[in-house]
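Thanks for coming. I have one structure to show today, and I will go through it piece by piece. Please have a look at it first.

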Amino acid sequence: MVIALICLSLSLAGITGLQFFYLAYLDRVDKEQKRRIRELEVHCRNLSDEIYNSRIRIAELKNPVSELDDEILEETEDNEVWADLIEET
């Protein structure tokens, strides 16, 4: 009977040790996941800032591009007029 109680107590101590190490493992995994989430949040913030800056830059570049298009159209029309004048002479 004593041997059975000793075996039972050792089994319970083994199970308790296993649960302790499993709890420590889960705690470490939780810390790693929280650290990774923080890293991803920082990366997301950086990407959001880049997108915002890119949108501002695109908006700034759209206006000069449309002005350049107008200038190119005017030059093309002038060249066509000169081409007509040259052909007539």
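Which residues make the nonpolar surface patch of about 560 Å²? They are Met1, Leu5, Leu8, Leu12 and Ile15. Before I go further, please note that this is a predicted model, and the values I quote are computed from it.

Now the overall picture. The protein chain has 1 helix and 0 strands. That helix, H1, covers residues 2-88, and Leu12 from the patch has its place there. The chain has 89 residues, and buried residues make up 0% of them. A residue would have to be under 20% relative accessible area to count as buried. As for the surface, the chain exposes about 8700 Å², and 62% of that is supplied by carbon and sulfur atoms.

Next, the cysteines. How many disulfides does the structure hold? The count is 0. Cys7 has a relative accessible area of 43%, so it is classed as partly exposed. Cys44, at 46%, is partly exposed as well.

On to the charged side chains. Searching the whole structure gives 4 salt bridges, and I will talk about three pairs.

The pair I take up to begin with is Lys31 and Asp27. Their closest N and O atoms are 3.7 Å apart, and the cut-off for a salt bridge is 4 Å. Where do these two sit relative to one another in helix H1? They are 4 residues apart, so about one helical turn separates them. Is Lys31 buried or exposed? Lys31 is exposed, because its relative accessible area is 54% and the class begins over 50%. Asp27 has 40% relative accessibility, so Asp27 counts as partly exposed.

The other two pairs share a residue, Glu39. With Arg35, Glu39 forms a salt bridge in which the closest N and O atoms are 2.8 Å apart. Both residues lie in helix H1, with a spacing of 4 residues, about one turn of the helix. With Arg36, Glu39 forms a salt bridge at 3.5 Å between the closest N and O atoms. Here the spacing in helix H1 is 3 residues, and again the separation is about one helical turn.

Taken together, Arg35, Arg36 and Glu39 are linked in a network of salt bridges. How accessible are the members of this network? Glu39 is partly exposed, with a relative accessible area of 36%. Arg35 is partly exposed at 43%, and Arg36 is partly exposed at 45%.

Last topic, the aromatic rings. How many aromatic pairs does a search of the whole structure find? It finds 2. One pair I can describe is Phe20 with Phe21. The ring centres of Phe20 and Phe21 are 5.5 Å apart and the planes are at 70 degrees, so this pair is edge-to-face. The angle matters here because planes over 60 degrees apart are counted as edge-to-face. In general, two numbers describe a pair of aromatic rings: the distance of the centres and the angle of the planes.

Are Phe20 and Phe21 buried or exposed? Phe20 has a relative accessible area of 54%, so Phe20 is exposed. Phe21 has 59%, so Phe21 is exposed too.

To recap: the chain has 1 helix and 0 strands, buried residues make up 0% of it, and the structure holds 4 salt bridges and 2 aromatic pairs. That is what I have for today.

Methods. Residues are numbered from 1 along each chain as its sequence is written. This is a predicted model: local features need pLDDT of at least 70, side-chain atom pairs count only at pLDDT 80 or more; totals for chains, interfaces and linings use all residues. Side-chain values use heavy atoms; hydrogens and water are left out. Patches are made of residues with over 30% relative accessible area and no salt bridge: like charges are joined within 9 Å, nonpolar side chains (Val, Leu, Ile, Met, Phe, Trp, Tyr) within 5 Å. Accessible areas come from the Shrake-Rupley method with a 1.4 Å probe; for residues, only the protein chains shown count as cover. Buried means under 20% relative accessible area, exposed over 50%, partly exposed in between (1.4 Å probe, protein chains only). A disulfide is a pair of cysteine sulfur atoms within 2.5 Å. Rings of Phe, Tyr and Trp (its six-membered ring) pair if their centres lie within 6.5 Å; planes under 30 degrees apart count as stacked, over 60 as edge-to-face and the rest as tilted.
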